[in-house]
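Colleague: I have a few questions about how the terms are used here. Could you put the structure up and take me through it?

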Amino acid sequence: MDNIVLISGLKKGESKAYAFLVDKYHNMLCAYAYQLTNNRDHAKDIVQNVFVNIWRIRLKLKDDFALKSYLYRSVYNEFLNQERKRIHVVPLDKKNIEALNSILEEEDEKSLERLMNLVKKEIENLPPKCKETFLLSKQEGLSNIEIAEFLNISIKSVEAHMTKAFSILRKTLGDKINSVLFLLFGIHKNQTPTTLL
């Protein structure tokens, strides 16, 4: 079922089209939501809300609508909406939306999954201190000052480790580095969009 047929079916209210949409994207979106929340139940709730919403707005969908990109953005936005109720979260800026759209349009589900697994493997293979610093920044959302205090090293050392990590990852990912890291780690409350890049 291609995108146009799928959207046409959704607009007609066909349960078969909706079931196909859920079957095709549910696991992939849950995996992404889990990367953002680190909580499987929370991730499933987010994805369920996204699917309910797309059914609600189905009549507004255009035939050339980029469903995959929209679903990913919707998962992230739903995550943000829920996080805003607890803590202040930096909104996703235009540059990150464009980068996210770009990689989602270029990669199919399997190649995107391979790419994300490759990045995880590359992160695992980083030198120990470099890996620890990188994960504290991207996974835990700590600032360079917080990392320096936590690891009892200088801020310059933190910056050096981060530079080295990005240099190694960029060799594998090239221009896709920002988008893939965003898909893996999202954006944390104390990160401005530029700190992801």
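Modeller: Start with what counts as an element. Helices are DSSP runs of H or I with at least four residues, and strands are runs of E with at least two. By that rule, this predicted model has ten helices and zero strands.

Colleague: How do you know how far to trust the prediction, and what is the mean pLDDT of the chain?

Modeller: The mean is 77, and 75% of the residues reach 70 or more. Confidence is highest in α3, at 90. Helix α5, residues 94-106, is lowest, at a mean of 59.

Colleague: Over which residues does pLDDT stay under 50?

Modeller: Residues 187-197. The model has 39 contacts beyond four places in sequence for them. Where pLDDT is low, the predicted coordinates should not be read in detail.

Colleague: What makes a set of residues a nonpolar core?

Modeller: The residues must be buried, of a listed type such as Leu or Val, and joined through side-chain atoms within 4.5 Å. The largest such core here has 27 residues. Leu-21, Leu-29, Leu-71 and Val-75 have the most contacts inside it.

Colleague: Which elements give two or more residues to this core?

Modeller: They are α1 (3-11), α2 (15-37), α3 (40-56) and α4 (67-84). The most come from α2, with nine residues.

Colleague: What is Val-75 in contact with, leaving aside its neighbours within four places in sequence?

Modeller: Leu-29, Tyr-32, Ala-33, Leu-36, Ile-46, Val-47 and Val-50. Another core lies apart from this one. That core has 23 residues, among them Cys-130, Leu-173, Leu-181 and Leu-184.

Colleague: Why is Leu-184 called buried?

Modeller: Buried means under 20% relative accessible area. Leu-184 has 2%, so it is buried. Its place is in helix α10, residues 177-185. Leaving aside neighbours within four places in sequence, Leu-184 is in contact with Gln-35, Met-116, Val-119 and Lys-120.

Colleague: How many Å separate the C-alpha atoms of Leu-184 and Ala-31?

Modeller: They are separated by 9.5 Å. Along the chain, these two residues are 153 residues apart.

Colleague: Now the rings. Why is the pair of Tyr-18 and Trp-55 called edge-to-face?

Modeller: Two values decide. A pair of aromatic rings is described by the distance of the centres and the angle of the planes. The centres of Tyr-18 and Trp-55 are 5.0 Å apart, and the limit for a pair is 6.5 Å. Their planes stand at 65°. Over 60 counts as edge-to-face, so the name fits.

Colleague: Where in the chain are the two partners?

Modeller: Tyr-18 is in helix α2 and Trp-55 is in helix α3, 37 residues apart. The pair links distant parts of the chain.

Colleague: How do you know whether Tyr-18 is buried, exposed or partly exposed?

Modeller: Partly exposed runs between 20% and 50%. Tyr-18 is at 22%, so it counts as partly exposed. Trp-55 has 27%, so it is partly exposed as well.

Colleague: What makes the pair of Tyr-76 and Phe-79 tilted?

Modeller: The planes are 55° apart, and the centres 6.0 Å. Tilted covers angles that are neither under 30 nor over 60 degrees, so this pair is tilted. Both residues are in helix α4, three residues apart, so about one helical turn separates them. Tyr-76 is buried at 0%, and Phe-79 is buried at 6%.

Colleague: What makes you say that the charged end of Arg-58 sits over the ring of Trp-55?

Modeller: The charged end of Arg-58 is 4.0 Å from the ring centre. The distance limit is 6 Å, and the charge must also lie within 35 degrees of the ring normal. Likewise, the charged end of Arg-40 sits over the ring of Tyr-34, 4.1 Å from its centre.

Colleague: Why is the phi of Asn-38 worth a remark?

Modeller: Most residues other than glycine have a negative phi. Asn-38 is not a glycine, yet its phi is positive, about 60°. Asn-38 lies in the loop between α2 and α3. Asn-152 also has a positive phi of about 60°. Its place is in the loop between α8 and α9.

Colleague: Are Asn-38 and Asn-152 buried or exposed?

Modeller: Exposed means over 50%. Asn-38 is at 58%, so it counts as exposed. Asn-152 has 72%, so it is exposed too.

Methods. Residues numbered from 1 in each chain as written. Predicted model: local features only at pLDDT ≥ 70, side-chain atom pairs only at ≥ 80, totals over all residues. Heavy atoms only, no water. Buried < 20%, exposed > 50% of the residue type's maximum accessible area, 1.4 Å probe, protein only. Contact = heavy atoms within 4.5 Å. pLDDT = per-residue confidence, 0-100.
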